[in-house]
Amino acid sequence: MANLAAGAAVMLVAAFLGVIGGGSGQQQVGEAPWRIHTLFSVECQNYFDWQTVGLMHSFKKARQPGPITRLLSCTDEEKKNYRGMDLAPTFEVPSMSRHPRTGDWYPAINKPAGVVHWLKHSKDSKNVDWVVILDADMIIRGPIIPWQLGAEKGRPVAAYYGYLIGCDNLLAELHTKHPELCDKVGGLLAMHIDDLRALAPMWLSKTEEVREDKAHWTTNITGDIYGKGWISEMYGYSFGAAEVGLRHKINDYLMIYPGYIPREGVEPILLHYGLPFSVGNWSFSKLNHHEDDVVYDCGRLFPEPPYPREVKAMEADHNKRRGLFLNIECINTLNEGLLLQHAARGCPKPKWSKYLSFLKGKTFAELTRPKFPTPQSLQFKEDEVQQKVSDKPGRPHPKIHTIFSTECTTYFDWQTVGLIHSFRLSGQPGNITRLLSCTDEELKQYAGHDLAPTHYVPSMSRHPLTGDWYPAINKPAAVLHWLNHADIDAEFIVILDADMIVRGPITPWEFKAARGQPVSTPYDYLIGCDNELAKLHTRNPQACDKVGGVIIMHIDDLRKFALLWLHKTEEVRADTAHYAKNITGDIYESGWISEMYGYSFGAAELNLRHLISRKILIYPGYVPEPGVKYRVFHYGLEFQVGNWSFDKANWRNVDIVNKCWEKFPDPPDPSTLDRGDENALQRDLLSIECMTTLNEALHLHHESKKCPNPSSLSTSDQETASEDIVTSRKFGKIDASRLIRSNLVSVDDSQNSSSPTFTDRAAGSSRFLTLGLWVFSILVFVVLMYVMLLRHQGQKRRSKNYKPKRKATYSPYSGFIDTNGHDRHLRISE
C-alpha cells in the first residue's frame with residue numbers, strides 16, 4: 001500500500017512538473033487572421049530619436065499586433081556617431097536625403113525609398129499580409145487592424161489630407177494619367193502587401209517627378225504654405241496610387257492632430273503631433289526640439305502639461321475638453337516613454353516629483369488604456385471615395401447613404417453581420433446606417449449594439465393605436481424617424497433589406513436615378529397594382545409600380561414620400577377585407593406584404609415613377625441572366641444546391657451571433673458541381689457565394705469578439721465564452737457607444753488588445769495554470785494520505801507491544817471532536 005502511494009506521488013510530481021515546465025512550450029497560441037507589419041521612416045538625428053521613443057512606447061502600450069520596423073536612413077558618416085540603434089527594431093536603408101542623381105536635398109524622399117528597399121531586401125516583407133505605415137511623430141492610442149478598419153485588397157484605408165489641392169487641378173493632370181483617381185490621403189496608411197508592392201516603386205518615382213517640377217510648387221497649385229515643394233512625397237504617394245489604380249477608403253476620424261477638437265462620438269486611435277498645440281499657457285511644438293537630445297539626457301523630459309483636473313477646471317464644454325485631454329495625453333505618453341528609455345539606458349532613478357508620480361500612477365494608466373474606434377470613427381468620406389467622373393466635367397458624383405431596417409432580435413443580428421461585411425467588400429460609396437426599431441424593454445436586454453452604425457427608432461411592431469402586431473411597419477416608420485432626427489448630407493439614399501448580401505456598388509449615376517425618378521427592382525408578385533386594390537388605395541393607380549427590395553431615391557423625394565409610405569402601409573394593413581391571394585398576391589393571405597403595397601401606393605400618390613432594373617438584385621436559387629453582374633443577393637426565399645439547402649426562416653430563433661464560432665451549414669464545394677448544365681451551374685455558384693459570404697462574415701465577427709481558438713476549446717468552453725460576450729454587454733462591461741459597426745472591435749475591459757494572439761495566449765496560460773493547480777491539489781492529497789497511512793501503521797505496531805491480555809471489545813466507530821466542538825465519527829474498517 002505504501003509503495004503504491006509513493007509511486008502515485010512520484011508520477012503526479014512528474015506530471016505536475018511536465019505541465020508547469022513544458023506545457024507552455026506546447027501551448028498553441030492563436031494568430032490573427034492575417035499578418036500585420038508596421039513601418040515608419042526616420043533618419044539618424046536626435047529629432048527623430050525622441051519621436052521614435054514616443055512611437056515605440058505607444059506601439060507597445062496600444063498593443064498593436066505584429067512586429068514594427070524602423071526604416072533608418074543614414075549616411076555612413078552619420079552612422080559613425082549615431083547613438084540610437086537600440087531604440088527600435090531597425091532595418092537600415094541607404095540615405096537618399098541628397099539625391100544621388102540631381103543632388104537635391106530632400107530628406108522626405110527617404111520614406112518611399114526606404115519602403116522600396118525594405119520590400120526588396122527584408123525577409124519580413126516576405127512574411128506579411130498587411131502593412132501599416134505611420135510617421136515617426138505619432139502616438140498610437142489603440143490597435144490599428146487594417147481589415148477591421150475596412151481595408152481590402154485593392155482598397156487601402158488612409159487618413160484625409162485635405163490640403164493636397166493638387167489632386168483637383170493642373171498638378172494631377174501633369175503627373176498622372178488618372179487624375180480622377182487621385183486621393184488626398186496620407187499619415188495613416190493601411191494596405192495589403194500586394195498593393196504596396198505595386199505602389200512603392202511608383203511612389204518613389206512620382207516623388208522624384210513632383211520634386212523636380214519646381215514650376216508648380218506654388219501654394220495655389222499644391223497647397224504647400226511654404227511653396228518649397230516640401231510635400232512632394234505626399235503627392236508622390238497620391239499620384240503613384242492613381243497610376244496603379246488604387247482607390248482609398250478615406251477616413252477623417254481615425255487620426256487627429258493635437259490642438260484640434262474631435263468630432264462628437266469619435267474616438268481617434270492615432271495622434272499626429274506635426275503642428276503646435278497648447279493647453280492654457282502651456283504649449284508644445286516639435287520644431288522647437290529639432291536638435292534636442294532629450295533621449296540621452298538622463299532625467300530630462302519635455303515640459304509637463306497641466307493635470308487632468310486642471311483641464312476640467314479650465315474648459316466646461318465637453319468636446320473641447322476632450323480635445324485638451326488628447327493634447328496632454330500626447331505629451332504625457334511621450335514623457336512616459338522617455339522615462340522608461342532613460343531607465344533602460346541605466347540612468348539613475350529620478351528624484352520623486354508630483355509629475356513622475358502621476359505618470360506612474362493608476363489614473364494615467366486608466367486614461368491611456370488602448371482605445372478602439374467608435375462607429376462614427378469608422379465612417380469614410382463619401383465625396384472622396386466616389387469616382388470623380390460625371391456627366392458634367394469637374395463635378396463629383398453625388399453623395400450616397402445606405403440604410404436598412406431591423407429589430408432587436410438575433411434573427412436580424414446575423415443578417416446585419418452579413419450585410420455589413422458584404423457592404424465593406426462591395427466598394428459601395430458612402431456610409432451605411434442600421435435603423436434599429438426596439439421597445440425600451442428590448443433595448444435593456446439587447447446585445448447587438450456594436451454590429452453596425454445605428455439609428456435607434458421607437459418600435460411600432462405593436463401599433464400604438466390599433467394594437468395590431470405587424471413588425472414590417474417598422475421599415476417606413478424607421479425611415480421617417482431617421483429623416484426627422486438624423487443629420488443627413490447625402491443627396492441619394494439607397495434602401496436595402498437586412499436579408500441581403502451586397503456584391504458591388506449600387507449608384508444613382510450607373511442606374512440613372514434622378515430627382516423625381518427613383519430606381520428599384522421588380523416585385524412582380526405585387527398584383528394589387530393591377531386590380532381594385534390600387535384603385536382603393538391611391539388616386540393614381542396607373543402610377544403604381546410593382547417594385548421593392550433595393551431602392552435608390554433622391555433625398556428630396558424621400559422626404560416628401562416617407563410619411564405617405566407609412567400612412568399607406570397602415571391603410572392597407574387595416575383593409576383586412578382585401579387580404580385575399582387573388583387580390584394581393586400574398587400566398588399567406590395575412591396582409592404580411594402590406595408594407596410593400598404601402599411603398600408602391602405612397603409613391604403613386606406623388607406620381608413617382610420608377611426605373612425598374614432587373615440587373616441589380618437576384619434571389620439565390622434563381623438562374624442568372626448571362627453576363628449580368630448582380631449587385632445584391634436577396635436570400636428571402638429558400639434555395640438549395642443538390643441535397644444542401646438554406647431557408648432563413650429556419651434560423652429565426654437561433655442565436656448564431658453571440659455563440660462563439662457558430663455558423664450556417666457549409667454549402668457544397670464549387671468543384672463538386674456538375675458542369676453539364678451551364679444555367680444550373682451559374683445558379684448554384686451564386687447560391688454558394690451567398691452562403692459563403694454569410695459564413696465568412698460570421699467568422700470575422702467571432703474573431704472580432706475575441707472568441708477563443710476553436711481548436712483548443714471543448715464545446716462547453718465555447719458556450720461559456722459566448723455567454724461571456726452577452727453577459728459582459730448586459731452588465732455594462734462594454735460601452736455600446738464605443739463599439740464599431742461590425743464585427744469588429746471589442747472594448748471589453750478584460751480584452752485590451754484587438755489581436756487574437758493576446759487573448760489566446762492569456763486563455764492558454766489560464767488553462768495550464770488551472771490544470772497545474774488541479775494536479776498539485778491531487779498530489780498534496782495523495783501525500784497526506786500516504787503520511788496518515790504510515791502514521792496509522794506505526795500506531796498499530798505500538799499498540800501490539802502494549803496490548804492487554806484480556807480480549808478487548810471494539811466499537812465499529814471511533815469518535816472525535818472537531819475544532820468547532822461538533823462530534824465527528826470516522827468509520828474504521830478492519
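What percentage of the 830 residues of the protein count as buried? In this predicted model, the share is 55% of the 830 residues, and the chain is arranged into 24 helices and 26 strands. A further view of the whole chain comes from its contacts: among those between residues at least 6 apart in sequence, 75% join residues at least 24 apart. With this overall picture in mind, we can go through some individual parts.

A useful place to begin is strand β2, which spans residues 68-74 and is mostly covered, since 7 of its 7 residues are buried. In a regular strand the side chains alternate between the two faces of the sheet. For β2, one side carries I68, R70, L72 and C74, while the other carries T69, L71 and S73, and the residues on both of these faces are all buried. Strand β2 also has a partner, because two strands count as paired if there are at least two bridges between them, and here 6 bridges join β2 to strand β1 (residues 36-43), with the two strands running parallel. Within this pairing, V42 stands opposite L72 in β2.

From the strands we turn to a pair of helices, α2 (residues 46-61) and α10 (residues 318-344), whose axes lie 8 Å apart and which pack at an angle of about 95°. Angles of 65 to 115 degrees count as roughly perpendicular, and α2 and α10 are therefore roughly perpendicular to each other. On the α2 side of the contact the residues are W50, V53, G54, H57, S58 and K61, and these meet T333, L334, E336, G337, L338, L340 and Q341 in α10. Sorted by class, the residues of this contact divide into 5 nonpolar, 6 polar and 2 charged.

Another residue to look at is S278, which is found in strand β11 (residues 277-279). Is S278 buried, partly exposed or exposed? Its relative accessibility is 37%, and because buried means under 20% and exposed means over 50%, S278 counts as partly exposed. When residues up to four places away in sequence are not counted, S278 touches S283, L324 and N327. The C-alpha atoms of S278 and P258 are separated by 8.4 Å, although these two residues are 20 residues apart along the chain.

Further along the chain, a second helix pair can be examined in the same manner. Helix α16 (residues 474-485) and helix α19 (residues 555-574) have axes that come within 9 Å and cross at roughly 140°, so α16 and α19 are oblique to each other, and their crossing is left-handed. In α16 the contact involves K475, P476, A477, V479, L480 and L483, which meet I555, L558, R559, A562, L563, W565, L566 and T569 in α19. By class, this contact of α16 with α19 has 11 nonpolar, 1 polar and 2 charged residues.

The last stop is an open sheet of 3 strands, in which the order is β17-β22-β21 and the pairing is mixed. Its edge strands are β17 (500-502) and β21 (617-618), each of which pairs on one side only. Between β17 and strand β22 (residues 632-634) there are 3 bridges, and these two strands run antiparallel. In this antiparallel pair, I501 stands opposite F633 in β22.

Terms used:
Residues numbered from 1 in each chain as written. Predicted model: local features only at pLDDT ≥ 70, side-chain atom pairs only at ≥ 80, totals over all residues. Heavy atoms only, no water. Axes fitted to C-alpha atoms, helices over the stretch in contact; angles between N-to-C directions. Helix = DSSP H or I, 4+ residues; strand = E, 2+ residues; numbered from the N terminus. Parallel < 35°, antiparallel > 145°, perpendicular 65-115°, else oblique. Left-handed = near helix turned anticlockwise from the far one by under 90°. Contact = heavy atoms within 4.5 Å. Nonpolar A, V, L, I, M, F, W, Y, C, P; charged D, E, K, R; others polar. Buried < 20%, exposed > 50% of the residue type's maximum accessible area, 1.4 Å probe, protein only.
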